[in-house]
Amino acid sequence: MGYRNLRECITDLERHRYLVRVDADVDARLEIAEIHRRVCAMGGPALLFTRVKGCRFPVACNLF
């Protein structure tokens, strides 16, 4: 399936429960990589961090 943009991809992944939103405050330098590493090791879903400290936009990982 092709997507026109990243938002469309994220919406589809979330609709099918392949994406989890993380609404807690996270540090881009210290926490995101470790959370991502642990989730991937368990075969977990894609992640969307909505509140990244010092960043104006959300961060998505493990989309593929």
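In the predicted model, Arg 37 and Glu 34 form a salt bridge whose closest N and O atoms lie 2.6 Å apart. Both residues belong to helix H2, which spans residues 32-41. Their separation of three residues corresponds to about one turn of the helix. Arg 37 has a relative accessible area of 49% and is partly exposed; because exposed residues are those over 50%, Arg 37 is not assigned to that class. Glu 34 is likewise partly exposed, at 27% relative accessibility.

Glu 34 also forms a salt bridge with Arg 38, with 2.8 Å between the closest N and O atoms. These two residues are four apart in helix H2, so about one helical turn separates them. Arg 38, with a relative accessible area of 52%, is exposed. Through salt bridges with shared partners, Glu 34, Arg 37 and Arg 38 are joined into one network.

A further salt bridge pairs Asp 25 with Arg 51, the closest N and O atoms being 3.0 Å apart. This pair connects distant parts of the chain, with the two positions 26 residues apart in numbering. Asp 25 is located in strand S1 (residues 19-27), whereas Arg 51 is located in strand S2 (residues 46-53). Asp 25 is partly exposed, its relative accessible area being 44%. Arg 51 is also partly exposed, at 45% relative accessibility.

Across the whole structure, the search finds six salt bridges, among them the Asp 25 to Arg 51 pair and the pairs that Glu 34 forms with Arg 37 and with Arg 38.

Methods. Residues are numbered from 1 along each chain as its sequence is written. This is a predicted model: local features need pLDDT of at least 70, side-chain atom pairs count only at pLDDT 80 or more; totals for chains, interfaces and linings use all residues. Side-chain values use heavy atoms; hydrogens and water are left out. A salt bridge is a side-chain nitrogen of Lys or Arg within 4 Å of a carboxyl oxygen of Asp or Glu. Buried means under 20% relative accessible area, exposed over 50%, partly exposed in between (1.4 Å probe, protein chains only).
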